[in-house]
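Trainee: I have the model open and would like to practise justifying the words we use for it. Could we go through them together?
Mentor: Gladly, ask away.

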Amino acid sequence: MPDNLTKADYDLVIIGAGINGAAIASEASKDKLRVLLLEQFDRPAQGTSSKSSKLIHGGLRYLEHFELGLVYECLSDRKRLLKKYPGLVKLKKFYIPVYQSTTRSSMLIRTGLSLYALLGGLIKSSRFKRLSRSQWDTLDGLKTSELKNVFHYFDAQTDDAKLTTRLLEEATTAGASIQYDSELINCHINETDVQICYQKDNASHKVSAGLVINAAGPWVNHIVQRCQPAFDPVEIDLVSGTHIEIPGKLNKGIFYLEAPQDQRAVFAMPWKGHILLGTTERIYEGDPGKVKPSDDEINYLLEVYLHYFPDAQISKKDILASWAGLRVLPKNKANPFKRSRETIFHKNNHENPRVISIYGGKLTSHYSTARKLLKLISQV
Ligand SMILES: Cc1cc2nc3c(=O)[nH]c(=O)nc-3n(C[C@H](O)[C@H](O)[C@H](O)COP(=O)(O)OP(=O)(O)OC[C@H]3O[C@@H](n4cnc5c(N)ncnc54)[C@H](O)[C@@H]3O)c2cc1C
């Protein structure tokens with residue numbers, strides 16, 4: 001770490017107590033950096049990091065877009081998390097049914113799973129198999145008419161908010177200060193430090209940092225707008241993803257379904273004694289704090305579920321809970337489902353960066369993201 005970082009009150013001020021801010025706070029504190037994390041809400045994980053699909057996975061579907069590096073990194077992170085947090089990150093059985101109408105052929109899925117197993121290091125948890133016909137009736141009421149094959153593999157599930165909280169506990173133990181109800185108001189960028197103003201208990205507070213890490217998730221460009229002198233943000237789309245929780249039980253594991261409406265991947269997962277269905281993709285232009293599921297998204301998810309589990313007695317009135325989270329994706333013309341999920345680090349300037357903003361990423365890859373960021377910082 002260069003000398004000039006250490007003259008400020010903190011080496012790093014991190015904005016946001018989501019999974020990325022938490023992982024960076026934890027790793028940076030373990031590396032003996034002096035860290036302050038500011039979170040606008042009164043608890044961690046009130047943004048995207050409590051609204052994900054809660055999967056710790058390599059992202060099988062990213063293989064369709066040849067994102068081999070991302071899948072490899074996520075599978076390595078999955079392996080590490082399964083070992084480090086056995087009570088929080090659990091291996092689950094996943095099932096992919098292939099029907100006559102499924103657009104991805106059995107051959108394509110088998111190839112994808114083989115590559116997935118290879119990238120996962122061919123360990124026991126990367127193995128997959130095809131179920132025999134006699135096993136189809138044990139699949140929690142999955143539709144068997146026109147069913148051609150069912151593939152079975154492993155990935156992992158967690159509680160995203162609990163995992164974030166756990167990382168923040170580790171950060172605190174390693175010496176980080178974490179302040180809730182603390183909203184970043186502005187940053188004044190100087191040659192050797194950043195002067196930060198934040199609001200807490202109806203009063204404004206000032207603190208200085210060698211570097212500001214903007215881990216504000218869907219608010220990332222709100223933070224950029226609060227920096228002086230101004231710099232260009234990465235142009236992004238916020239893409240809302242809805243989940244609904246419905247009564248019922250999936251005893252076998254997680255079903256990886258192809259939505260009949262648009263062939264996107266939708267998961268049906270056991271969750272706290274119920275079933276969690278998700279997710280959708282809809283460009284969102286409003287206030288990130290106010291995103292809500294639309295009627296169309298709720299209907300879409302129910303339709304997918306009833307298409308594959310036709311005997312389920314479920315309708316809209318039975319929905320126990322629904323919520324939406326926001327993905328941060330670089331703006332381009334591609335359909336959101338096909339856009340890269342790689343994390344982007346954006347510096348306020350290249351010669352002497354003082355604010356580094358994090359765009360996108362995965363719950364699964366928080367550790368790799370934190371380590372890559374710390375490597376970048378060490379070169380500042
Ligand atoms: C629908 C959906 C499903 C997903 N499913 C998965 C999945 O199954 N597996 C997976 O690996 N990934 C998944 N992801 C991706 C993953 O959830 C996100 O990449 C991750 O949660 C982003 O975390 P974050 O810390 O960057 O942002 P966030 O969790 O949004 O945290 C940002 C924090 O910054 C705070 N903040 C904002 N502005 C200020 C301010 N001015 N002052 C102080 N604090 C501020 C916010 O309050 C918030 O707490 C999913 C994403 C979505 C949207």
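Trainee: Let me start with α3 and α4: which hand does the crossing have, right or left?
Mentor: α3 crosses α4 in the right-handed sense. Keep in mind as we go that this is a predicted model.

Trainee: Why are α3 and α4 called oblique to each other?
Mentor: Helix α3, residues 68–84, packs on helix α4, residues 106–119, at about 55°. Roughly parallel needs an angle under 35 degrees, and roughly perpendicular runs from 65 to 115. The value of about 55° fits neither range, and therefore the pair is oblique. Their axes are 9 Å apart.

Trainee: What makes the contact of α3 with α4 nonpolar?
Mentor: From α3 come L68, V71, Y72 and L75, and from α4 come L115, Y116 and L119. Leu, Val and Tyr all count as nonpolar, so the division is seven nonpolar, no polar and no charged.

Trainee: Now to α2 and α5. Why is α2 called roughly parallel to α5?
Mentor: Helix α2 (residues 19–30) and helix α5 (residues 160–173) pack at about 25°, with axes 8 Å apart. The limit for roughly parallel is under 35 degrees, so α2 and α5 earn that description. Their crossing is left-handed.

Trainee: Which residues meet there?
Mentor: On the α2 side they are I19, A22, A23, A25, S26, S29 and K30, and they meet L163, T164, L167, L168, E170 and A171 of α5. By class, that contact has eight nonpolar, three polar and two charged residues. K30 and E170 are among the residues named, and Lys and Glu count as charged.

Trainee: What makes α2 oblique to α8?
Mentor: The axes of α2 and helix α8, residues 366–378, come within 9 Å and cross at roughly 55°. Since that angle lies outside the ranges for roughly parallel, antiparallel and perpendicular, α2 is oblique to α8. The hand of this crossing is right-handed.

Trainee: Where do α2 and α8 touch, residue by residue?
Mentor: α2 supplies I19, N20, A23, I24, E27 and A28, while α8 supplies H366, Y367, T369, A370, R371, L373 and L374. These divide into eight nonpolar, three polar and two charged.

Trainee: Let's turn to the ligand. Which residues come nearest?
Mentor: Of the 39 residues around the ligand, the nearest are E39, S49, L55, G361 and T364.

Trainee: How do you know that E39 makes a polar contact with the ligand?
Mentor: A polar side-chain atom of E39 is 2.6 Å from a ligand oxygen atom. The cut-off for a pair of N or O atoms is within 3.5 Å, so this pair qualifies. S49 passes too, with a side-chain N or O atom 2.6 Å from an oxygen atom of the ligand. For L55, a backbone N or O atom lies 2.7 Å from a nitrogen atom of the ligand.

Trainee: What about the backbone: where are the cis peptide bonds between Q228 and P229, and between G278 and T279?
Mentor: For Q228 and P229, omega is about -10°, and P229 sits in the loop between β11 and β12. For G278 and T279, omega is about 15°, and T279 belongs to the loop between β15 and β16.

Trainee: And what is the phi of F66?
Mentor: F66 has a positive phi of about 60°, although it is not a glycine. F66 lies in the loop between β3 and α3.

Notes:
Residues are numbered from 1 along each chain as its sequence is written. This is a predicted model: local features need pLDDT of at least 70, side-chain atom pairs count only at pLDDT 80 or more; totals for chains, interfaces and linings use all residues. Side-chain values use heavy atoms; hydrogens and water are left out. Axes are lines fitted to C-alpha atoms, for helices over the stretch in contact, and angles run from 0 to 180 degrees between N-to-C directions. Helices (H or I, at least four residues) and strands (E, at least two) are DSSP runs, numbered from the N terminus. Angles under 35 degrees count as roughly parallel, over 145 as roughly antiparallel, 65 to 115 as roughly perpendicular and the rest as oblique. A crossing is left-handed if the near helix is turned anticlockwise from the far one by less than a right angle, and right-handed if clockwise. Contact means heavy atoms within 4.5 Å. A residue is near a molecule or strand if one of its heavy atoms lies within 4 Å of it. A polar contact is a pair of N or O atoms within 3.5 Å; within protein, one must be able to donate a hydrogen and the other to accept it, and residues adjacent in sequence count only if both atoms are side-chain atoms.
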